[in-house]
Amino acid sequence: MQTVQTDLIILGGGIAGLWLLNRVRQAGYDALLLECDNLGGGQSIRSQGIIHGGTKYALNGVLTQASNTIANMPQRWRDCLNGSGELDLTATKVLSDAHYMWSKGSLGSKMTTFFASKALKGRVDSIAEQDRPRVFKNKGFRGSLYKLNELVLDTPSLIHTLAKPHQDRIFLNSKDNTRINTDNQGQIQSIELTDRKISIQAQRYILTAGEGTQALLDRWKINEPQMQRRPLHMVVVRHGADLPTFAHCISTGSKPVVTITTHPAGENEQAWYLGGDLAETGVNRSPEQQIAEAKKTLQQLLPWIELPNARWASFRIERAEPKQSSLTRPDSAFAQAVHNGIIAWPTKLALSPDLADQILQQLKQQAVVPKYIADLQRLTDLPHPDIAQPVWESLF
């Protein structure tokens, strides 16, 4: 059994784990990332790619803790995308420089006043008719439209950008051939890759595996913190229209009726990806029922659109988060130290930078300083994971 020593082992190669790998390496730590499947193959690749600014959490006319926590994230991501931020994301493809919010009819005066208030200055802007996205320039559109300070990113491109600088430190490990060795006090002694006869030891072990974190907690025999799963039933329609649409439709409820993002899908095709309340309420519908509901919703909200050669599909995902009372949505990213490990969930794609901040702060508080330089020669035979395919490629 060969032993490799490093400062940090990150378990989980989604966007949160990859962002963290970049940040800790930047801070001088020696770190390795282990992924048991494709990079981003869990929640990350199924994300709509929206860098939220919290506006959708304020649809009841009140700025909640969740909307305030995430408010500065779009600017932080923009800085990275233009090369002036904490990470260099200049190679990442931006699908839309803004997200929009529309209502089928006129908004009530209370909400109109709220969106124009100082509290939302910089987050929500009114938009002139000539500057509307193509889908809302149709004469049939009679509702209200607002422009949000929220980016939409191409998720595969983002994963590639984050992984590329550290390819030599990202490894594919089989669940069946990975053992977490602990002592009687619950401290992790090593991560053992049994089929390769390699034992990797670290100062800290950081779990960023999303839904896979539960299995790792079980292997580690850790009962707290607990994980919750909140299900979604997403819909994808792949079509031949050149109609890029990035928008939430809002009504009288506190959640968007539907959230639409548009993604490139092969030559001369696009995929509309549908989330929002449609996905949340659709968990009890069959795939056929959910697709029928999606078609009905689009017909009611955007009756003038045509999507030639449309092919429809739906699939289910589980949002993995720290457990909350009544399974409510967490307000912020989460990181908790347990023994010589840190259990982490970003809770939202946009909060990945905040999660890295929390983990770096915990390392500082625990006086964990750079100490090792991993012998990468001992790991040269380990395979490297591929980047996961987007659902609009794998479903059709």
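This report walks through a sheet, the helix packed on it and a pocket in a predicted model.

## The sheet

Let's start with the strands. Eight of them make up an open sheet, and the pairing is mixed. Going across, the order is E6-E7-E5-E14-E15-E16-E13-E17. At the edges sit strand E6 (124-126) and strand E17 (311-322), each with pairing on one side only. From one strand to the next, the twist averages 25°.

In general, strands of a sheet pair through backbone hydrogen bonds, either parallel or antiparallel. For a worked example, look at strand E13 (residues 227-239) and strand E16 (residues 270-275): these two run antiparallel and are joined by five bridges. Within this pairing, Val-236 stands opposite Tyr-273 in E16.

## A helix on the sheet

Helix H8 (residues 287-301) packs on the sheet. The strands that H8 touches are E5 (99-103), E13, E14 (247-250), E15 (258-264), E16 and E17. As for direction, H8 makes about 100° with E17.

## The second largest pocket

Now for some empty space. The second largest pocket has a volume of about 160 Å³. Which residues line this pocket? They are Asn-22, Leu-87, Asp-88, Leu-89, Thr-90, Ala-91, His-160, Thr-161, Leu-162, Lys-164 and Pro-165.

By type, the lining splits into five nonpolar, four polar and two charged residues. Helix H5 (residues 155-163) supplies the largest share of the lining, with three residues.

Note on methods: Residues numbered from 1 in each chain as written. Predicted model: local features only at pLDDT ≥ 70, side-chain atom pairs only at ≥ 80, totals over all residues. Heavy atoms only, no water. 1 Å grid on protein atoms, 1.4 Å probe; cavity = no way out; pocket = protein on both sides within 12 Å on 5 of 7 lines; lining within 4 Å. Points joined across faces, edges and corners; volume = space filled by probe spheres on them. Helix = DSSP H or I, 4+ residues; strand = E, 2+ residues; numbered from the N terminus. Nonpolar A, V, L, I, M, F, W, Y, C, P; charged D, E, K, R; others polar. Pairing = 2+ DSSP bridges. Axes fitted to C-alpha atoms, helices over the stretch in contact; angles between N-to-C directions. Contact = heavy atoms within 4.5 Å.
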